[in-house]
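This report goes through one protein model, starting with a single residue and moving on to the whole chain, a pocket and three further sites.

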Amino acid sequence: MVPQQVWQNRPRLAAPLAWLGLALIAGAYLSFSEEAPFPGFLALVPVAGTVLLLLAGSAHAQQGQSAEKSPSAALALPPLQWVGKLSYSLYLWHWPVIVYATMVVPELSPLGRLACLALTLALSVFTYHVIENPIRRNGWLMASAARALVPAVLLTGTSVAAAYANARLAVHDLDPEQRSIAASAAQPSTARAAGCILSFETVTPKACVFGNKDARARLRCSAIRMPTTGRRR
């Protein structure tokens, strides 16, 4: 959202900000873990880095300057430009492929992960050329804003209604314990990271019996909620 005049008057800022943006993205990639409450405020780190890279590339383009000493030079290479064009399709496809692949093969091998990457890329190329571009460049839709807006609103509304109805039906016949687990899964990642597990507040844990149930000696354990930290032990 920075005005163009800022870049026109300060073109030397482009390269430093591009390197700063790349550092923010790399730092997020290397330092964030599954324990990090993400998404949340931490999402600002890679987002800010991406914004800085985009602004730096825009500044170089406005000034007609060479970006040889900037990350913009690497991002301008044809292979990366090609991946960038597919980025939205890649974003849409990668998660369904990963989810269904791990349902079929819970422990994916490195070869299996490469197969998922190849499948994601193939699906992205297909939808980019068959769905995304034909819709985006459709002459009838581009004739007026209303023609583009009305179908978009209808599709979005229908999708939201279908997703809401599906979520309601999915929890309709759950027993109390399953409902508590579903409610816990629906909590924000920040709450889950803090150990706020709803199932331990709404359902009394049941004892587990290990080994031979007919044996004289039995080992039982129960899950309890720690009153101070909220974590389970």
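Two residues are in contact when they have heavy atoms within 4.5 Å. The model is a predicted one.

**Thr127**

Leaving aside neighbours within four places in sequence, Thr127 is in contact with Ser89, Trp93 and Glu132. Thr127 itself belongs to helix H7, which covers residues 110–136. Is Thr127 buried or exposed? Its relative accessible area is 11%, and because buried means under 20%, Thr127 counts as buried.

The side chain of Thr127 takes part in a polar contact with the side chain of Trp93, at 3.2 Å. Trp93 is thus named twice for this residue, once among the contacts and once as a polar partner. The Thr127 side chain also reaches a backbone atom: the oxygen of Ser124, at 3.3 Å.

**The chain as a whole**

How many helices and strands does the protein chain have? There are 12 helices and two strands. Along the sequence the order is α-α-α-α-α-α-α-α-α-α-α-α-β-β, with the strands following the helices.

The protein chain has 233 residues, and buried residues make up 18% of them; Thr127 is one of the buried residues. The surface that the chain exposes comes to about 17600 Å², with carbon and sulfur atoms supplying 67% of that area. For contacts between residues at least 6 apart in sequence, 50% join residues at least 24 apart.

**The largest pocket**

Rolling a probe the size of a water molecule over the atoms shows where empty space is left. The largest pocket has a volume of about 930 Å³. Elements that give two or more residues to its lining are helix H5 (78–85) and helix H6 (87–104). Which of the elements gives the most to the lining? That is H6, with five residues.

The lining consists of Tyr29, Glu34, Leu75, Leu80, Gln81, Val83, Gly84, Ser87, Tyr91, Leu92, His94 and Trp95. By class, seven of the lining residues are nonpolar, four are polar and one is charged. The charged residue is Glu34, because Glu is counted as charged. Gly84 goes with the polar residues, because Gly is placed in that class.

**Three partly exposed sites**

Three further residues are each paired below with a residue elsewhere in the sequence, and the distances run from C-alpha to C-alpha.

| Pair | Separation in sequence | C-alpha distance |
|---|---|---|
| Ala73 and Gly57 | 16 residues | 8.7 Å |
| Ala23 and Gly49 | 26 residues | 7.3 Å |
| Val171 and Ala182 | 11 residues | 8.0 Å |

Ala73 sits in helix H4, residues 71–75. With a relative accessible area of 28%, Ala73 is partly exposed.

Ala23 is part of helix H2, residues 14–31. Why is Ala23 classed as partly exposed? Its relative accessibility is 47%, and the class follows because partly exposed lies between under 20% for buried and over 50% for exposed.

Where is Val171 found? Val171 is in the loop between helix H9 (145–170) and helix H10 (176–185). This loop residue has a relative accessible area of 27%, so Val171 is partly exposed as well.

Methods: Residues are numbered from 1 along each chain as its sequence is written. This is a predicted model: local features need pLDDT of at least 70, side-chain atom pairs count only at pLDDT 80 or more; totals for chains, interfaces and linings use all residues. Side-chain values use heavy atoms; hydrogens and water are left out. Helices (H or I, at least four residues) and strands (E, at least two) are DSSP runs, numbered from the N terminus. Buried means under 20% relative accessible area, exposed over 50%, partly exposed in between (1.4 Å probe, protein chains only). A polar contact is a pair of N or O atoms within 3.5 Å; within protein, one must be able to donate a hydrogen and the other to accept it, and residues adjacent in sequence count only if both atoms are side-chain atoms. Accessible areas come from the Shrake-Rupley method with a 1.4 Å probe; for residues, only the protein chains shown count as cover. On a 1 Å grid over the protein atoms alone, a cavity is a set of points where a 1.4 Å probe fits but cannot get out, and a pocket is an open set with protein on both sides within 12 Å along at least five of seven lines; lining residues have an atom within 4 Å of a point. Grid points are joined across faces, edges and corners, and a volume is the space filled by probe spheres set on the points.
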